[in-house]
Amino acid sequence: MEEAADNREQTQDPQTDESVEAGHAAENVTEEELNPICIEIRKLNLFYTKHVHALRDIHLDIPRNKVTAFIGPSGCGKSSLLRCLNRMNDLIDDCKIKGKIRIDGEDIYHKQVDVANLRRRVGMVFQKPNPFPKSIYDNVAYGLRIQGIGSRRILDEIVENALRLAALWDEVKDRMDANALELSGGQQQRLVIARTIAVQPEILLLDEPASSLDPISTLKIEELINDLREKYTILIVTHNMQQAARVSDYAAFMDMGNMIEFDSTDTLFTNPSEKQTEDYITGRYG
Ligand SMILES: Nc1ncnc2c1ncn2[C@@H]1O[C@H](COP(=O)(O)OP(=O)(O)OP(=O)(O)O)[C@@H](O)[C@H]1O
Ligand SMILES: [Mg+2]
């Protein structure tokens with residue numbers, strides 16, 4: 001170990017030839033290897049009014065470009081936690097947050113943070129699809145136009161790509177001017193995902209994205225998560241254990257505002273360390 005540390009110090013010297021070689025080697029290192037943690041959550045507490053203490057001393061490191069599933073009984077704080085990550089809780093009266101959340105090392109609750117930009121970087125999809133009452137095209141182009149992209153050619157290209165990624169393009173390409181509210185629930189959810197990924201977020205928060213969908217639409221959403229996993233850090237809340245096991249790399253079990261256990265999905269589902277987790281995943285909870 002000591003020898004390795006010595007080598008590293010030497011190659012960091014800007015004067016040596018080795019440092020040039022090391023620099024080239026570093027170009028091949030992915031961000032994931034260099035900075036494996038995307039989101040750091042420290043001593044996070046959340047209160048709704050003085051009476052509801054919804055998150056209690058949450059400490060969690062969320063790995064970059066992986067899928068992390070959040071499971072736990074209704075009311076345990078999963079949605080509250082997700083909403084802290086793009087400051088959606090700012091919109092709720094009487095909601096107080098204490099503790100730190102850093103994304104790529106940056107404190108997202110710092111007063112200088114541009115919240116609109118944070119929400120672009122950290123996209124969120126809710127349980128109930130919420131397309132705007134606009135055309136399919138305008139839904140996906142919405143955030144891009146806000147960013148000032150006016151060129152129809154560029155918009156067309158990004159809209160098509162986002163719809164393809166969201167596995168919706170073939171179903172809507174001939175009716176881009178139709179109102180998004182005419183789509184089925186499963187199509188609306190994929191449209192909302194397309195709208196979210198069109199602005200190229202780094203992080204995707206999916207709060208029970210498939211809970212109101214039929215098995216075929218659910219499968220499409222799961223395939224989509226699979227396709228996106230390499231490029232995005234994905235956090236998904238689900239009540240469906242099989243879904244969590246199928247789509248995620250890591251899993252977090254929460255109960256009554258506490259983070260009970262976080263581990264690789266495989267370990268959490270097959271060999272959990274906490275009895276509470278085991279009781280929950282085997283259905284003996286409560
Ligand atoms: N806007 C709010 N005002 C007051 N209390 C709230 C608010 N939103 C959530 N809560 C409370 O905070 C706690 C955590 O709620 P949260 O919605 O985060 O749970 P959840 O794990 O997402 O549950 P579910 O699985 O049912 O979606 C609950 O006790 C809930 O009643
Ligand atoms: Mg919820």
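This passage walks through the strands, cysteines, pockets and cavity of one predicted model.

The model is predicted, so local features are taken at pLDDT of at least 70 and side-chain atom pairs only at pLDDT 80 or more, while totals for chains, interfaces and linings use all residues. Residues count from 1 along each chain as its sequence is written, chains are lettered from A and ligands numbered from 1 in the order in which they are written, and side-chain values rest on heavy atoms, with hydrogens and water left out.

Strand β8 is a good place to start. Helices (H or I, at least four residues) and strands (E, at least two) are DSSP runs, numbered from the N terminus. β8 spans residues 233-237 and is mostly covered, with five of its five residues buried; buried here means under 20% relative accessible area, exposed means over 50%, and partly exposed is in between (1.4 Å probe, protein chains only). Thr233, Leu235 and Val237 point one way from the strand, Ile234 and Ile236 point the other way, and all are buried.

β8 also has strand partners, pairing being called when DSSP finds at least two bridges between two strands. With β3 (residues 67-71), β8 pairs in the parallel sense over four bridges, and Phe70 has Val237 as its bridge partner in β8. β7 runs parallel to β8 as well, joined to it by five bridges; here Leu204 stands opposite Ile234. Put β7, α10 and β8 together and they make a right-handed β-α-β unit, where right-handed means that, with the strands pointing away from the viewer, the path from the first strand over the helix to the second runs clockwise.

A separate piece of strand structure is an open sheet of four strands, in the order β2-β1-β4-β5, with antiparallel pairing. Its edge strands, β2 (52-63) and β5 (106-107), each pair on one side only. Strand β1 (residues 37-48) meets β2 in the antiparallel sense over eight bridges, and Ile41 stands opposite Leu60 in β2.

On to the empty space. The search used a 1 Å grid over the protein atoms alone: a cavity is a set of points where a 1.4 Å probe fits but cannot get out, a pocket is an open set with protein on both sides within 12 Å along at least five of seven lines, and lining residues have an atom within 4 Å of a point. Grid points are joined across faces, edges and corners, and a volume is the space filled by probe spheres set on the points.

The largest pocket holds about 580 Å³ of space. Its lining counts 21 residues, with Arg119, Arg120, Tyr142, Gly143 and Val199 the closest to its centre. At least two lining residues come from each of α5 (115-121), β6 (122-125), α6 (136-146) and α9 (185-198), and α5 supplies the largest share, four residues. Sorted by class, this lining has ten nonpolar, seven polar and four charged residues; Ala, Val, Leu, Ile, Met, Phe, Trp, Tyr, Cys and Pro count as nonpolar, Asp, Glu, Lys and Arg as charged, and the others, Gly among them, as polar.

The second largest pocket comes in at about 200 Å³. Of its 13 lining residues, Ile158, Asn161, Ile197, Ala198 and Gln200 lie nearest the centre. α7 (152-165) and α9 are the elements that give two or more residues to this lining, and α7 gives the most, with four. The class split is nine nonpolar, three polar and one charged.

As for cavities, there is one of 30 Å³ or more, with a volume of about 30 Å³. This cavity is lined by Ile193, Leu204, Leu206, Ile221, Leu224, Ile225 and Leu228, and the lining has seven nonpolar, no polar and no charged residues. β7 (203-207) and α10 (215-228) each supply at least two of the lining residues, with the largest share, four, coming from α10.

Finally, the cysteines. The whole structure has zero disulfides, a disulfide being a pair of cysteine sulfur atoms within 2.5 Å. The sulfur of Cys38 is too far for a bond, because the closest cysteine sulfur, in Cys84, is 16 Å away. For Cys76 the closest cysteine sulfur is also in Cys84, at 13 Å, again too far for a bond. Cys38 counts as buried at 3% relative accessibility, and Cys76 counts as buried at 1%.
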